[in-house]
Amino acid sequence: MEAISKAGSAVALLASDGVLLAAEKRITSKLLDIRGLAEKMYKIDDHVAVAVAGITADANILVNYARLAAQKYRYAYQEPIPIEQLLHKICDLKQGYTQFGGLRPFGVSFLVVGWDMYFGFQLYRSDPSGNYGGWKAAAIGHNSPNADSVLKSDYKIGETDMKQAKVLAVKVLAKTLDTTSPSPDKLEFSSITLVDGKPVYKVFNKADIEALLKEAGAEKKESSGDI
């Protein structure tokens with residue numbers, strides 16, 4: 001739990017037309033060669049993705065396990081695995097590591113988002129004990145209590161679309177980063193939306209994030225009455 005509380009923040013929001021993941025990207029050195037657009041988000045299958053907070057090595061084990069489980073299900077039944085069924089498999093593995101001597105729990109929390117034909121867009125939060133629950137909006141990692149307080153006050157259940165979710169995610173991450181002007185280099189975003197009836201996972205590039213920050217800044221000025 002200590003590793004999770006010190007990890008970079010991650011937030012997920014359920015919107016009427018999709019589901020959004022956003023996270024703090026911690027760059028430890030300017031010499032670091034960052035090849036991917038996201039370091040805290042992982043695509044499991046076309047219809048499901050996760051954001052993690054905690055020990056990255058532990059997260060990699062669970063992500064690979066989840067990817068294998070998703071592909072086994074797809075091979076056996078010729079359809080994508082339901083989101084909660086996949087999460088149940090991950091949490092069974094997590095829980096097993098809490099009850100045997102000589103093993104330590106996985107030091108990582110997950111935000112699992114996705115879409116399936118049974119329940120549409122979904123968001124779940126899972127902790128190292130293997131416990132999980134469904135959420136409309138949730139946060140993990142550093143300063144997550146502050147993020148939760150912003151989500152409780154600003155998230156409108158059933159009335160939040162993807163555009164509003166993006167602006168709120170910027171506000172939440174600015175709160176956890178203790179800054180009023182977050183940098184695109186310190187943030188990462190991804191989303192799952194439906195295109196022609198099929199779920200599509202998208203990772204935002206730097207230009208997308210810069211545009212989003214400008215939009216969030218303009219909306220903040222409008223709401224405060226500045227001209």
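**Entry 1: the E9–E10 pair and its sheet**

I began with strand E9 (residues 187-195) and found that E9 pairs with E10 in the antiparallel sense, over 6 bridges. Looking for one of the partners by name, I noted that Val195 has Lys198 as its bridge partner in E10. I should record at once that this is a predicted model, and that what I write down here is read from that model.

I then asked in which order the strands of this sheet stand. The order is E8-E1-E2-E9-E10, which is an open sheet of 5 strands with antiparallel pairing. At the edges I found E8 and strand E10 (198-203), each of which has a single partner strand, so one side of each is left without a neighbour in the sheet. On average, and with direction ignored, neighbouring strands in this sheet are turned by 10° against each other.

**Entry 2: strand E1 inside that sheet**

Next I looked up strand E1 (residues 10-15), and wondered how many of its residues are buried. The count is 6 of 6, and I therefore put E1 down as mostly covered, taking buried to mean under 20% relative accessible area. Going through the two faces separately, I listed Ala10, Ala12 and Leu14 on one side and Val11, Leu13 and Ala15 on the other, and both faces are covered.

E1 has a partner on the E2 side, where 6 bridges join E1 to strand E2 (residues 18-24) and the two run antiparallel. These two strands form a hairpin with 2 residues between them, and within the pair I saw Ala12 standing opposite Leu21 of E2. E1 is also joined to strand E8 (residues 137-140), by 4 bridges and again in the antiparallel sense; here Leu13 has Ala137 of E8 as its bridge partner.

**Entry 3: helices against the E8-E1-E2-E9-E10 sheet**

I returned to the sheet in which E8 and E10 are the edge strands, with its average turn of 10° between neighbouring strands, and asked which strands H4 touches. H4 packs on the sheet and touches E1 and E8, and its direction makes about 165° with that of E8. Helix H5 lies across E1, E2 and E9, and I noted that H5 runs at about 20° to E2.

**Entry 4: H4 with H5**

Having met both helices at the sheet, I looked at how they meet each other. The axes of helix H4 (residues 144-154) and helix H5 (residues 162-177) come within 9 Å and cross at roughly 150°. That makes H4 roughly antiparallel to H5, because angles over 145 degrees count that way. The crossing is right-handed.

I listed the residues that make the contact: Asn146, Ala147, Val150, Leu151 and Asp154 come from H4, while Leu168, Lys171, Val172, Lys175 and Thr176 come from H5. Sorted by class, the contact of H4 with H5 holds 5 nonpolar, 2 polar and 3 charged residues.

From that list I picked out Lys171, which sits in helix H5, and asked whether Lys171 is buried, exposed or partly exposed. Its relative accessible area is 45%, so I entered Lys171 as partly exposed. Leaving aside neighbours within four places in sequence, I found Lys171 in contact with Val150 and Asp154. Lys171 and Asp154 are 17 residues apart along the chain, and their C-alpha atoms are separated by 9.7 Å.

**Entry 5: the other sheet I looked up**

I then turned to an open sheet in which 5 strands stand in the order E3-E4-E5-E6-E7, with antiparallel pairing. Its edge strands are strand E3 (41-45) and strand E7 (132-134), each of which pairs on one side only. Neighbouring strands in this sheet are turned by 25° against each other on average, direction ignored.

Within this sheet I checked E3 and strand E4 (residues 48-54), which pair in the antiparallel sense over 4 bridges, and I noted Lys43 opposite Ala49 in E4. Helix H3 (residues 83-96) lies across E3, E4, strand E5 (108-116), strand E6 (120-126) and E7, and runs at about 160° to E5.

**Entry 6: the whole chain**

Last, I asked how many helices and strands there are in the protein, and the count is 6 helices and 10 strands. Of the 227 residues in the protein, 46% are buried. Among contacts between residues at least 6 apart in sequence, 63% join residues at least 24 apart.

Terms used: Residues numbered from 1 in each chain as written. Predicted model: local features only at pLDDT ≥ 70, side-chain atom pairs only at ≥ 80, totals over all residues. Heavy atoms only, no water. Axes fitted to C-alpha atoms, helices over the stretch in contact; angles between N-to-C directions. Parallel < 35°, antiparallel > 145°, perpendicular 65-115°, else oblique. Left-handed = near helix turned anticlockwise from the far one by under 90°. Contact = heavy atoms within 4.5 Å. Nonpolar A, V, L, I, M, F, W, Y, C, P; charged D, E, K, R; others polar. Pairing = 2+ DSSP bridges. Buried < 20%, exposed > 50% of the residue type's maximum accessible area, 1.4 Å probe, protein only.
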